[in-house]
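Colleague: I am new to this structure and would like a close look at a single part, please: the pockets, along with the pieces of chain that lead into them. Please take it slowly and tell me what each term means as you need it.

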Amino acid sequence: MTTLVFGHKSPDTDSTGSPIIWAWYLNEVKGVDAKAVLLGEPNTEAAFVIEKWGFDKPEIISEVAEGQDVVIVDTNNPAELPAAINDANVTAIIDHHKLVGGLETKGPIDITIRPLACTATIMYDLMGDDADKMPDNIKGAMLSCILSDTLEFRSPTTTDVDRALAEKLASELNINLGQYASEMFEAKSDVAAFSDAELIRMDSKEYTVGSTDLRVSVLETTAPKMILDRKDSLMASMPAVASEDGAHEVLLFVVDILNEEATLLVPNDTVKAIAEASFGCTVEGDTVVLPGIMSRKKQIIPNLKV
């Protein structure tokens with residue numbers, strides 16, 4: 001049976017590149033028949049990376065069959081996985097997020113969850129000496145994942161391990177880190193073709209605070225004005241997205257990569273109260289700028305209060 005390797009829904013660069021990397025490792029090094037798949041359309045940055053390094057876009061799936069062998073990467077949260085994930089045969093999890101709980105497996109499995117900025121960084125270490133066998137396109141995917149998840153080392157999730165590996169890979173590929181990161185972020189910022197609902201869901205995670213279900217969405221960009229110019233229509237679309245997705249509220253953070261700050265859209269009094277309780281700010285109007293806020297995992301999710 002082919003082992004399916006996939007990350008979370010609304011796949012970003014790490015949840016697109018890491019399945020490709022690990023499927024290569026399983027196939028070419030471990031002799032395990034494996035296939036990278038995605039749980040949705042990759043975002044514009046991830047699509048750029050796929051094309052840049054000459055990969056075919058992985059097949060998009062929405063469900064997994066009972067007993068299907070799978071490796072889960074870049075998440076351990078059942079809410080971000082196919083509904084029938086507990087019926088599949090999960091053989092391994094490789095992740096860098098907090099342990100959520102709720103997954104059930106058929107037996108003991110390999111689980112690696114480490115406090116690094118990027119799943120691909122963990123994979124490099126797990127490969128050991130076999131990492132030297134990576135072809136350039138796999139190295140390019142790994143470098144891309146690290147630059148994306150660290151926002152070119154601006155994110156507070158960045159570790160010395162992530163940075164050192166990125167610099168090593170860039171040297172081996174003869175790539176200028178800053179120039180390549182700029183190309184990636186430019187691709188990520190090109191969102192004109194997406195509807196408001198698609199933008200809200202593009203990089204989004206479900207999170208519950210007390211009895212309040214939230215959809216916490218982040219749009220990382222070097223051109224925040226392009227998104228903020230659409231704030232009225234984005235806010236008008238939030239109630240329908242929340243209703244369709246079973247959430248009480250949508251929190252949409254527009255992260256300005258270059259100025260290292262986030263702007264939260266504030267469509268109503270409930271979100272205003274959440275913003276003020278969570279970030280110690282005073283909201284005046286339908287947006288609030290949060291200086292230094294770059295990471296959903298480390299700065300947004302842990303601080304949320306309702």
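Modeller: With pleasure. A pocket here is an open set of grid points with protein on both sides within 12 Å along at least five of seven lines, and a lining residue has an atom within 4 Å of one of those points. Please keep in mind that this is a predicted model.

Let us start with the second largest pocket, whose volume is about 280 Å³. It is lined by 15 residues, and Trp22, Leu26, Thr91, Ala92 and Asp110 are the ones closest to its centre. Three elements each give two or more residues to this lining: helix α1 (13-28) and the strands β5 (89-95) and β6 (110-113). The greatest share comes from β5, with 4 residues. What is the make-up of this lining by class? There are 10 nonpolar residues, 3 polar ones and 2 charged ones.

If you follow the chain back from β5, you come to the loop that joins β4 (69-73) to β5, and Asp74 is found there. Its phi is near 65°, which is a positive value in a residue other than glycine. Most residues other than glycine have a negative phi. Is Asp74 buried or exposed? Its relative accessibility is 1%, so Asp74 counts as buried. Glu260, in the loop between β9 (249-256) and β10 (261-265), also has a positive phi, near 55°. Glu260 counts as partly exposed, because its relative accessibility is 37%.

Now for the largest pocket, which has a volume of about 730 Å³. Its lining is made of 40 residues, and those nearest the centre are His97, Lys205, Arg296, Lys297 and Ile301. Four elements supply at least two lining residues each, namely α4 (136-150), β7 (204-209), β8 (212-221) and α11 (296-300). Of the elements, β8 gives the most, with 5 residues. By class, this lining holds 16 charged, 13 polar and 11 nonpolar residues.

Ser295 is a good place to pause, as it is found in the loop between β11 (287-291) and α11. Why does Ser295 count as buried? Its relative accessibility is 5%, and buried means under 20%. A polar atom of the Ser295 side chain lies 3.3 Å from the backbone nitrogen of Lys297, and Lys297 is one of the residues nearest the centre of the largest pocket. Beyond its neighbours within four places in sequence, Ser295 is in contact with Ser155, Pro156, Thr157 and Ile300. The C-alpha atoms of Ser295 and Val218 are 8.8 Å apart in space, although the two residues are 77 apart in sequence.

One last stop, for the rings. The structure holds 4 aromatic pairs. In one of them, Phe48 and Tyr180 are tilted, with 6.3 Å between the centres and 35° between the planes. Phe48 belongs to helix α2 (residues 44-52) and Tyr180 to helix α6 (residues 177-189), so this pair ties together parts that are 132 residues apart in sequence. Tyr180 counts as buried because its relative accessibility is 3%. The planes of Trp53 and Tyr180 meet at 80° with the ring centres 6.2 Å apart, so that pair is edge-to-face. Taken together, Phe48, Trp53 and Tyr180 form one aromatic cluster.

How values were computed
Residues numbered from 1 in each chain as written. Predicted model: local features only at pLDDT ≥ 70, side-chain atom pairs only at ≥ 80, totals over all residues. Heavy atoms only, no water. 1 Å grid on protein atoms, 1.4 Å probe; cavity = no way out; pocket = protein on both sides within 12 Å on 5 of 7 lines; lining within 4 Å. Points joined across faces, edges and corners; volume = space filled by probe spheres on them. Nonpolar A, V, L, I, M, F, W, Y, C, P; charged D, E, K, R; others polar. Buried < 20%, exposed > 50% of the residue type's maximum accessible area, 1.4 Å probe, protein only. Contact = heavy atoms within 4.5 Å. Polar contact = N/O pair within 3.5 Å; in protein donor to acceptor, adjacent residues only side chain to side chain. Phe/Tyr/Trp six-rings, centres within 6.5 Å; stacked < 30°, edge-to-face > 60°.
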